[in-house]
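Before you look through this structure on your own, here are some points to read beside it, written for someone meeting it for the first time.

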Amino acid sequence: MIRDRVRVSSLLPDFPWDTIAGAKARAAAHPDGIVDLSVGTPVDPVDPLIRAALDSAADVPGYPATYGTPELREAAVAAVARRFGMSGIDSDAVLPVIGTKELIAGLPRLLGLGAADLVVIPEVAYPTYEVGALLSGSRILRADGMTRLGPESPALIYLNSPSNPTGRVLGIDHLRKVVSFARERGAIVASDECYLGLTWDAEAVSILDPRVSDGDHTGLLAIHSLSKTSNLASYRAGFVTGDVELIRELLEVRKHSGMMVPYPIQAAMTAALADDRHEAQQRERYRARREVLRKALVEAGFRIDHSEAGLYLWSTRGEDCRTTLDWLAERGILAAPGDFYGPTGTQHVRIALTATDERIAAAAVRLSA
Ligand SMILES: Cc1ncc(COP(=O)(O)O)c(C=O)c1O
């Protein structure tokens, strides 16, 4: 008999997707098939330029560097400067990660946080922020504004602009307030910026934008993913940048733990970061899908909140999200219920733009029927 132990899985919430199995089965019964808009998984091709770079690095037998190749780190610095005006980043301050979910789930542990520490996450949030805090045994507070914190001194504050699931963009003033609050109280700010390249009705800026950071990256981490902007979710490709001391610390722990991005993936990332054409093309695909879906949802009586950027339409019919989920499932459409993302999300559903043009058009027809 194996002796009793604390099962790590018991510290974590139930996997919420099981709770929409019924809606999924109902949507799948539609004669023209399901339109699954519940997950944000890319469906468009990986650009040939990226595939060629992957292929060119296939015959490399040795271990990759945890720090990544200098070419990758330099390509990341150049890309964020070109695409987002994030100037003043040194390539020493870039660390590749095996997809950003992995980093987020491990970050509080990697930073040495524990039971005495508080992790602040957005009120409605990507669930992995909570998971990472739970895995480290830290306390968690959901707050969108720093006044909610009272006298607390958090160890880590998560930001996510543009947000999953709401598509909300935080303005420069808001970001500056968070940075200044964090600096007063000695907190680290981790800004998850995986949707920064997908903006529609508002400009989204990085925490490392000089208008936010004043050029001082101390205590700041910006987390960037190639999953959505370059259709590389299956490759597991992201990086974190910002405070060089924190990056070195993460590197040290990750080196010991074998948390290396495979070398062919590093080569593919380098090519993707050096090319803005495929990224712009992908953005335009999502822009077109968003227009079609947005119009159809509004005409079907939905209200769309926030959603100025990112890959989701945060939509409501002014009722419990599970009722809306059923209404959509009857029409063969699957969405994600807002209660997946936090207790204040219960009146919304999250509708993803990540389906083919054909499926998005089918959703629009069904919504108008
Ligand atoms: C807000 C947010 N952060 C991080 C991730 C993780 O992305 P990846 O692990 O593919 O880099 C996602 C994926 O959906 C996300 O929505």
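The points below take up the sheets, the helices that lie across them, the helix pairs and the ligand in turn.

1. Please keep in mind throughout that this is a predicted model, and that every feature described here is read from that model.

2. A good place to begin is the open sheet of seven strands, whose order is S2-S8-S7-S6-S5-S3-S4 and whose pairing is mixed. Its edges are formed by strand S2 (94–97) and strand S4 (139–142), each of which pairs on one side only. On average, and with direction ignored, neighbouring strands of this sheet are turned by 20 degrees against each other.

3. Within that sheet, strand S6 (residues 188–192) and strand S7 (residues 220–225) may serve as an example of a pair, since they run in the parallel sense and are joined over four bridges. To find the pair in the view, one can look for Val189, whose bridge partner in S7 is Leu220.

4. Two helices should then be placed against these strands. Helix H4 (residues 100–110) lies across S2, strand S3 (118–121), strand S5 (156–159), S6, S7 and strand S8 (238–242), and its direction is at about 150 degrees to S7. Helix H8 (residues 244–257) lies across S2, S6, S7 and S8, running at about 140 degrees to S8.

5. Which helix gives the largest share of the shell around the ligand? It is H4, which contributes three residues to that shell. There are 14 residues around the ligand, and those that come nearest are Gly99, Thr100, Lys101, Ser225 and Ser227. By class, the residues of the shell divide into four nonpolar, eight polar and two charged.

6. There is also an open sheet of four strands, with the order S9-S10-S13-S12 and antiparallel pairing. Strand S9 (303–305) and strand S12 (336–337) stand at its edges with a single partner strand each, so that one side of each has no neighbour in the sheet. S9 is joined by three bridges to strand S10 (residues 312–316), and the two run antiparallel; here the bridge partner of Arg303 is Thr316 in S10. Helix H10 (residues 277–299) lies across S9, S10 and strand S13 (349–352), and it runs at about 0 degrees to S10.

7. How do the directions of helix H2 (residues 48–56) and helix H9 (residues 263–274) compare, and what angle lies between them? The two pack at an angle of about 150 degrees, with their axes 7 Å apart, and they are therefore roughly antiparallel to each other, in a crossing that is right-handed. In this contact Leu49, Ile50, Ala53, Leu54 and Ser56 of H2 meet Pro264, Ala267, Ala268, Thr270, Ala271 and Ala272 of H9. The residues of the contact divide into nine nonpolar, two polar and no charged.

8. H9 has a further contact to examine, with helix H3 (residues 70–84), where the helices pack at an angle of about 25 degrees and their axes are 9 Å apart. H3 and H9 are therefore roughly parallel to each other, and H3 passes H9 in a left-handed crossing. On the H3 side the contact involves Glu71, Leu72, Ala75, Ala76 and Ala79, which meet Gln266, Met269, Thr270, Leu273 and Ala274 in H9. This contact has seven nonpolar, two polar and one charged residues. Thr270 of H9 is named in the contact with H2 and again in the contact with H3.

How values were computed. Residues numbered from 1 in each chain as written. Predicted model: local features only at pLDDT ≥ 70, side-chain atom pairs only at ≥ 80, totals over all residues. Axes fitted to C-alpha atoms, helices over the stretch in contact; angles between N-to-C directions. Parallel < 35°, antiparallel > 145°, perpendicular 65-115°, else oblique. Left-handed = near helix turned anticlockwise from the far one by under 90°. Contact = placed C-beta atoms within 7 Å. Nonpolar A, V, L, I, M, F, W, Y, C, P; charged D, E, K, R; others polar. Near = placed C-beta within 6 Å. Pairing = 2+ DSSP bridges.
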